[in-house]
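Me: Please take a close look at one part of this model, the way its strands pair. I would like a connected account that also covers what surrounds the pairing and how far the prediction can be trusted.

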Amino acid sequence: MRRLLFLLAAFVAATAAAAAAPQFEFLAAPQINLSLVYRLDKLTGDVIACQYAHNPGKTDIEPGAFGITVCYRSGDGATKQEPGDYGLVATRHEQEGGVFRVDYRSGALSICYLYFQREKQGDRDVITDQYVVCTPPYK
């Protein structure tokens, strides 16, 4: 009976520890002139990105010109994946805007980056949408 109680207590403790673990991981893009931070849901593998932007209609020197946070949704390959133990890894390349999403459980990895969807409007290309995309996982 004592052994059963011990095993039950150990299970409850392990479950509580797992529940207390943070669900999200954050990592800045390695590119040194880019204020982009990736957010990963460690359980589902979902990746979004956010960056600082100037407050529309404000200048940098007037009161209240703090700027805004702009976030970009998950696109192709960056949405929910198979359940896993996901993490983010950056390269040391100072001109790299993307990061690697790794699954520590399966060994799979993908490269994730901010994608700029462009459309031709007249004689110029215009950015119509921005979102995070990831390559298919490689094992």
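Reply: Two strands count as paired if DSSP finds at least two bridges between them. By that criterion, strand β2 (residues 36-41) and strand β3 (residues 47-53) pair in the antiparallel sense, over five bridges. Within this pairing, valine 37 has cysteine 50 of β3 opposite it.

The pair belongs to an open sheet of four strands, which runs in the order β1-β2-β3-β4 with antiparallel pairing. Strands β1 (24-28) and β4 are the edges of this sheet, and each pairs on one side only. The average turn between neighbouring strands here is 25 degrees, direction ignored.

A further open sheet is also built from four strands, in the order β5-β6-β7-β8, and its pairing is antiparallel. Its edge positions are taken by β5 and β8 (124-134); each has a single partner strand, so one side of each is left without a neighbour in the sheet. Neighbouring strands of the β5-β6-β7-β8 sheet are turned by 30 degrees against each other on average, direction ignored. Strand β7 (residues 109-121) pairs with β8 in the antiparallel sense, over ten bridges. Opposite glutamate 119 stands valine 126 in β8.

Charged side chains come next. Side chains of opposite charge can pair when their charged atoms come close. The whole structure contains two salt bridges. One of them joins arginine 73 to aspartate 129, with 2.6 Å between the closest N and O atoms. Arginine 73 lies in the loop between β4 (68-72) and β5, while aspartate 129 lies in strand β8, so the salt bridge ties together parts that are 56 residues apart in sequence. Arginine 73 is partly exposed, at a relative accessible area of 44%, and aspartate 129 also counts as partly exposed, at 25%.

The other salt bridge is formed by lysine 120 and aspartate 125, whose closest N and O atoms are 4.0 Å apart. Lysine 120 is exposed, with a relative accessible area of 60%, whereas aspartate 125 is partly exposed, at 48%.

For the chain overall, the count is one helix and eight strands, and the order along the sequence is α-β-β-β-β-β-β-β-β. Of the 139 residues, 27% are buried. Among contacts with a separation of 6 or more, 44% link residues that are 24 or more positions apart. The accessible surface comes to about 9,700 Å², and carbon and sulfur atoms hold 59% of that area.

As for trust, this is a predicted model. The average pLDDT for the protein is 84, with 78% of the residues scoring at least 70. Confidence is highest in strand β5 (residues 86-89), at a mean of 97, and lowest in helix α1 (residues 2-20), at 48. Residues 4-17 have pLDDT below 50, and in the model this stretch has zero contacts beyond near neighbours in sequence. Where pLDDT is low, the predicted coordinates should not be read in detail.

Conventions:
Residues are numbered from 1 along each chain as its sequence is written. This is a predicted model: local features need pLDDT of at least 70, side-chain atom pairs count only at pLDDT 80 or more; totals for chains, interfaces and linings use all residues. Side-chain values use heavy atoms; hydrogens and water are left out. pLDDT is the predictor's confidence in each residue, from 0 to 100. Helices (H or I, at least four residues) and strands (E, at least two) are DSSP runs, numbered from the N terminus. Contact means heavy atoms within 4.5 Å. Axes are lines fitted to C-alpha atoms, for helices over the stretch in contact, and angles run from 0 to 180 degrees between N-to-C directions. Buried means under 20% relative accessible area, exposed over 50%, partly exposed in between (1.4 Å probe, protein chains only). Accessible areas come from the Shrake-Rupley method with a 1.4 Å probe; for residues, only the protein chains shown count as cover. A salt bridge is a side-chain nitrogen of Lys or Arg within 4 Å of a carboxyl oxygen of Asp or Glu.
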